[in-house]
Amino acid sequence: MTAVPIERPRVLSGIQPTADSFHLGNYIGAVRQWVELQETHDAFYCVVDLHALTNGEWNPDELRQRSRVAAAQLLAAGLDPDRCTLFVQSHVPEHTQLSWVLTCLTGMGEASRMTQYKDRVARYGAERIGVGMFTYPILQAADILIYRANQVPVGEDQRQHIELTRDLAQRFNHRFGELLVVPEPYILKATSKILDLQDPTAKMSKSSESQAGVVDLLDEPGAIAKKVKRAVTDTDTSIRFDPDAKPGVSNLLTIFSALTERPVVELEAAYDGKGYGALKTDLADAVVEFTSPLRERTLGWLDDTGRLDEVLAAGAAHARKVAAETLSQVYDAVGFLQPRE
């Protein structure tokens, strides 16, 4: 008797092309899990260049180049076009088309309560925030719902956006019929946040005022080693995992464990009594050993942009086929007059 194939759950996730390189936190916190999920899920991953416009200032040539760099890094990190769908968000116009329908179903209060928008307003003032930032979570909801994704890989800081997506899907379905899939958050496996090497109270981020504590995956090996060796620790020379009392050392142990798959307790025992110098030197070697081949693979993709663009075009073609079916059904459900074939 022939076994009936089990349909794999679909996931959707994306990353912004707003920097010249992903940093170590991007990889450990997200991309590494994306690579694993393509083996068990019907995975859709996109470079979300539409979202990159929400900061209000961008250079067109820089955005185009960073979009390619982002895609190249994802491929270099292990995404396989034969196992997942990789594409650029703006290559699939159905995202923005569905976003408008969802925008008309979203309350002003809902949108104004989104944490990211409130944080930006608090930091820069409402007059300096574009409407794109205000509606960002609605476009993000469209990104997910257009593919009828069952699960969305997110960290805890994105849970609020997933709740909005679920609310909008349920609201649409209640009014127009059970059409959209209500997604579940797929909370990534427990991984402590990767913190800034110079400020271990803050998350490693491309928006940090100083990049001295941010390890970019495409940095030269020497620059990476220098940043690791200059990482902030503390006056107590013992090497133990204690995020509250020893955030700097704990961050180094977290990174070391993530890259080598050695448990933190094993690392604590291995460096007991050896001091911070030995830990930083060995960690620097481990980071360089990981990033150097990834950097070379990325540059290889960027040296052959024709091949890279072909992969992205194929991904967009498949994504559009799925997205167009959803959009057609949504448009019909809300009452739009469909064009004659």
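# Reading the fold: a short dialogue

Student: Let's start with H51: in which loop is H51 found?

Tutor: Happy to begin there, and do keep in mind that this is a predicted model. H51 belongs to neither of the two elements that flank it: it is found in the loop between β2 and α2 (60-77).

Student: Is H51 buried or exposed?

Tutor: Let's take the cut-off first: a residue counts as buried under 20% relative accessible area. H51 has a relative accessible area of 2%, so it is buried.

Student: Which residues is H51 in contact with, leaving aside its neighbours within four places in sequence?

Tutor: The loop residue H51 is buried, and its contacts can be listed once the neighbours within four places in sequence are set aside. They are Q16, Q89, Y136, L139, Q140 and D143.

Student: Now for the strands. In which sense do β1 and β2 pair?

Tutor: Strand β1 covers residues 10-15 and strand β2 covers residues 42-47, with six bridges between them. Within this pairing, R10 stands opposite D42 in β2. With helix α1 (residues 24-37), the two strands make a right-handed β-α-β unit. The sense in which β1 and β2 pair is parallel.

Student: Which residue of β3 does F44 stand opposite?

Tutor: Five bridges join β2 to β3, and these strands run parallel. Helix α2 completes a right-handed β-α-β unit with β2 and β3. In β3, the residue opposite F44 is T85.

Student: Which residues of β3 point the other way from C84, L86 and V88?

Tutor: In a regular strand the side chains alternate between the two faces of the sheet. Five of the five residues of β3 (residues 84-88) are buried, so the strand is largely enclosed by the rest of the structure. C84, L86 and V88 point one way from β3, and pointing the other way are T85 and F87.

Student: Let's move to α9. How many of the 14 residues of α9 are buried?

Tutor: Helix α9 (residues 247-260) reaches 20 Å from its first C-alpha to its last, close to the 20 Å expected at 1.5 Å a residue. Its buried residues include G248, N251, I255 and L259, and what covers the buried residues includes α1, α10 (264-270) and α11 (275-302). The helix is largely enclosed by the rest of the structure, because the number of buried residues is 12.

Student: Which residue with a positive phi follows α9?

Tutor: Look just past the end of the helix, where phi is near 60 degrees. The residue there is E261.

Student: Which residues touch the most other members of the largest nonpolar core?

Tutor: In soluble globular proteins, nonpolar side chains tend to be buried together. The largest nonpolar core here has 60 residues, and those that touch the most other members are Y45, L74 and I255.

Student: And which element gives the largest share of this core?

Tutor: The largest share amounts to 11 residues. They come from α11.

Student: What does I255 touch, not counting residues up to four places away in sequence?

Tutor: I255 is one of the buried residues of α9. Not counting residues up to four places away in sequence, it touches L24, I28, I194, L197, L283 and V287.

Student: How many residues are in the second, separate core?

Tutor: This core includes L102, A142, V152 and A316. Its number of residues is 35.

Student: Turning to charges, how many residues apart in sequence are the parts tied together by R66 and D20?

Tutor: The structure holds 17 salt bridges, and R66 forms one with D20, their closest N and O atoms being 2.9 Å apart. R66 is buried at a relative accessible area of 16%, whereas D20 is exposed at 51%. R66 lies in helix α2 and D20 in the loop between β1 and α1, so the pair ties together parts whose separation in residues is 46.

Student: What is the distance between the closest N and O atoms of R83 and D80?

Tutor: R83 is partly exposed, with a relative accessible area of 42%, while D80 is buried at 19%. The two form a salt bridge, and the distance between their closest N and O atoms is 2.4 Å.

Student: Which residues are linked in a network of salt bridges with R240 and D236?

Tutor: The side chains of R240 and D236 meet in a salt bridge of 3.1 Å, N to O. R240 is partly exposed at 32% relative accessible area, and D236 is partly exposed at 33%. Linked with them in the network are D234 and K246.

Conventions:
Residues numbered from 1 in each chain as written. Predicted model: local features only at pLDDT ≥ 70, side-chain atom pairs only at ≥ 80, totals over all residues. Heavy atoms only, no water. Pairing = 2+ DSSP bridges. Helix = DSSP H or I, 4+ residues; strand = E, 2+ residues; numbered from the N terminus. Right-handed = clockwise from strand over helix to strand, strands pointing away. Expected span 1.5 Å × (residues − 1). Buried < 20%, exposed > 50% of the residue type's maximum accessible area, 1.4 Å probe, protein only. Contact = heavy atoms within 4.5 Å. Core = buried A, V, L, I, M, F, W, Y, C linked by side-chain atoms within 4.5 Å. Salt bridge = Lys/Arg side-chain N within 4 Å of Asp/Glu carboxyl O.
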